[in-house]
Amino acid sequence: MDNLISQALNKAHMGIMIVDRHLKIVVWNAWLERFTGKNAEEVVGLNLLEVCPRFKSNMYLNILQNALYHGQSRFCSSALHKAFILPNGGEDGQLFRQNMHVEPLYHEDRSYALIQITDMTNTNTRVYKLKNLIKELETEYAKIKISEKISKHLSLHDPLTGLPNRLAYNDRLAWAISHAQRNHNKLAIMFVDADGFKQVNDTYGHHVGDQVLLEMAKRLSETIPSTDTVARLGGDEFIILSHLKDDHDAEIIAKRLEAAFSTHFKIAGNYINLSMSIGISLFPKHGQEPSELLRHADGAMYKIKKNGKNGYGIYEPENV
């Protein structure tokens, strides 16, 4: 039977040793021989602390004492402890990861401590690589999300002014009409076009023209209520979606816009006067469809242009 037990111990895929109350090694299996390069014949009978210096630590001495004198078991994870057994030659213990189980044993009124060492180096290496891979994937995913967010913003906003573009405005107008139909609300669509902007570009250059457009966007945004939307359709054309309590509110907003553009722009040392022509259509009074309301606002704006510019007008059937 002793021979059978000895064979089993030496076939085990882990390090197995047994120490007595004096910490003398009484069993040292083949796994430990292969790992440390120390044969059982030269180790058995020696003090554990001489063979495995890691156990000189008070923490591990207490674990062994508790097993030997108080019958306590203990598990130490490779995630929290350095390697307990090192190969012969003193390789860096950081390269190895080991779990340790300590169990009490009893034989003929004597107590012993069974120390089982499981090599976790390959498992921990795979876990480490997997954690790094997960971290890289999380970083890549975050980059993709940011890239997608930027791409979506660019697709829906004017690159010069940062205002919503035509596509974003059309979406907001369609949603606003749908909401207004359900709640019996009123809307105004205001087509805003700068008078004489071409002369600004011709006189001062496109760089100044771009600065004027930025200032126009700023004044429009600051003049309308925060719940309303101003978008740039292109060139010097802007459009406003306004939520109204009454149709008359559209004229109040138009007059505020006129006042906002009554003072000159100061761009690169140049004083530039620029008026606005504003055409207005009302929902539901002038139509139910976005394209219909936009067409009526555009027509009202061109009537203002035709009649001398610098003003606002509300759509009337004869506009078209």
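Trainee: Which residues in H9 meet residues in H10?

Mentor: This is a predicted model, and in it Arg219, Leu220 and Thr223 of H9 meet Arg256, Leu257 and Ala260 of H10. When sorted by class, the residues of this contact comprise three nonpolar, one polar and two charged.

Trainee: How many ångströms apart are the axes of H9 and helix H10, and at what angle do these helices pack?

Mentor: The axes of H9 and H10, the latter helix spanning residues 249-260, are 10 Å apart, and the two helices pack at an angle of about 140°. Their crossing also has a hand, and for H9 and H10 this is right-handed.

Trainee: What is the crossing angle of helix H8 and helix H9, and how should I describe such a pair in words?

Mentor: Helix H8 covers residues 197-204 and helix H9 covers residues 206-223, and their axes come within 7 Å and cross at roughly 140°. Angles of 65 to 115 degrees count as roughly perpendicular and those over 145 as roughly antiparallel, and H8 and H9 are therefore oblique to each other. On the H8 side the contact is made by Phe197, Val200, Asn201 and Tyr204, while H9 brings His206, Val208, Gly209, Val212 and Leu213. By class, this contact has six nonpolar and three polar residues, with no charged ones.

Trainee: Are H7 and H11 roughly parallel or roughly perpendicular to each other?

Mentor: Begin again with the angle: the axes of helix H7, residues 166-183, and H11 come within 10 Å and cross at roughly 110°, and the two helices are therefore roughly perpendicular to each other. The crossing of H7 and H11 is right-handed. Tyr169, Asn170, Leu173, Ala174 and Ile177 of H7 make the contact with Pro290, Leu293 and Leu294 of H11, and by class these residues divide into seven nonpolar, one polar and no charged.

Trainee: What should I look for in the backbone itself, apart from the helices?

Mentor: A useful general idea is that most residues other than glycine have a negative phi, and most peptide bonds are trans. With that in mind, look at Asp109, which has a positive phi of about 65° although it is not a glycine. Asp109 is found in the loop between strand E4 (98-107) and strand E5 (110-119). Look next at the peptide bond from Phe283 to Pro284, which is cis, with omega near 5°. Pro284 sits in the loop between strand E11 (276-283) and helix H11 (290-306).

Trainee: What is the volume of the largest pocket, and which residues line it?

Mentor: The largest pocket has a volume of about 210 Å³, and its lining consists of Asp2, Ile5, Ser6, Leu9, Asn10, Val27, Trp28, Asn29, Ala30, Glu33 and Ala40. The elements that give two or more residues to this lining are helix H1 (2-11), strand E2 (25-28) and helix H2 (30-36).

Trainee: Which element gives the largest share of that lining, and how do the lining residues divide by class?

Mentor: H1 gives the largest share of the lining, five residues. By class, the lining of the largest pocket divides into six nonpolar, three polar and two charged residues.

Notes. Residues are numbered from 1 along each chain as its sequence is written. This is a predicted model: local features need pLDDT of at least 70, side-chain atom pairs count only at pLDDT 80 or more; totals for chains, interfaces and linings use all residues. Side-chain values use heavy atoms; hydrogens and water are left out. Axes are lines fitted to C-alpha atoms, for helices over the stretch in contact, and angles run from 0 to 180 degrees between N-to-C directions. Helices (H or I, at least four residues) and strands (E, at least two) are DSSP runs, numbered from the N terminus. Angles under 35 degrees count as roughly parallel, over 145 as roughly antiparallel, 65 to 115 as roughly perpendicular and the rest as oblique. Contact means heavy atoms within 4.5 Å. Ala, Val, Leu, Ile, Met, Phe, Trp, Tyr, Cys and Pro count as nonpolar, Asp, Glu, Lys and Arg as charged, and the others, Gly among them, as polar. A crossing is left-handed if the near helix is turned anticlockwise from the far one by less than a right angle, and right-handed if clockwise. On a 1 Å grid over the protein atoms alone, a cavity is a set of points where a 1.4 Å probe fits but cannot get out, and a pocket is an open set with protein on both sides within 12 Å along at least five of seven lines; lining residues have an atom within 4 Å of a point. Grid points are joined across faces, edges and corners, and a volume is the space filled by probe spheres set on the points.
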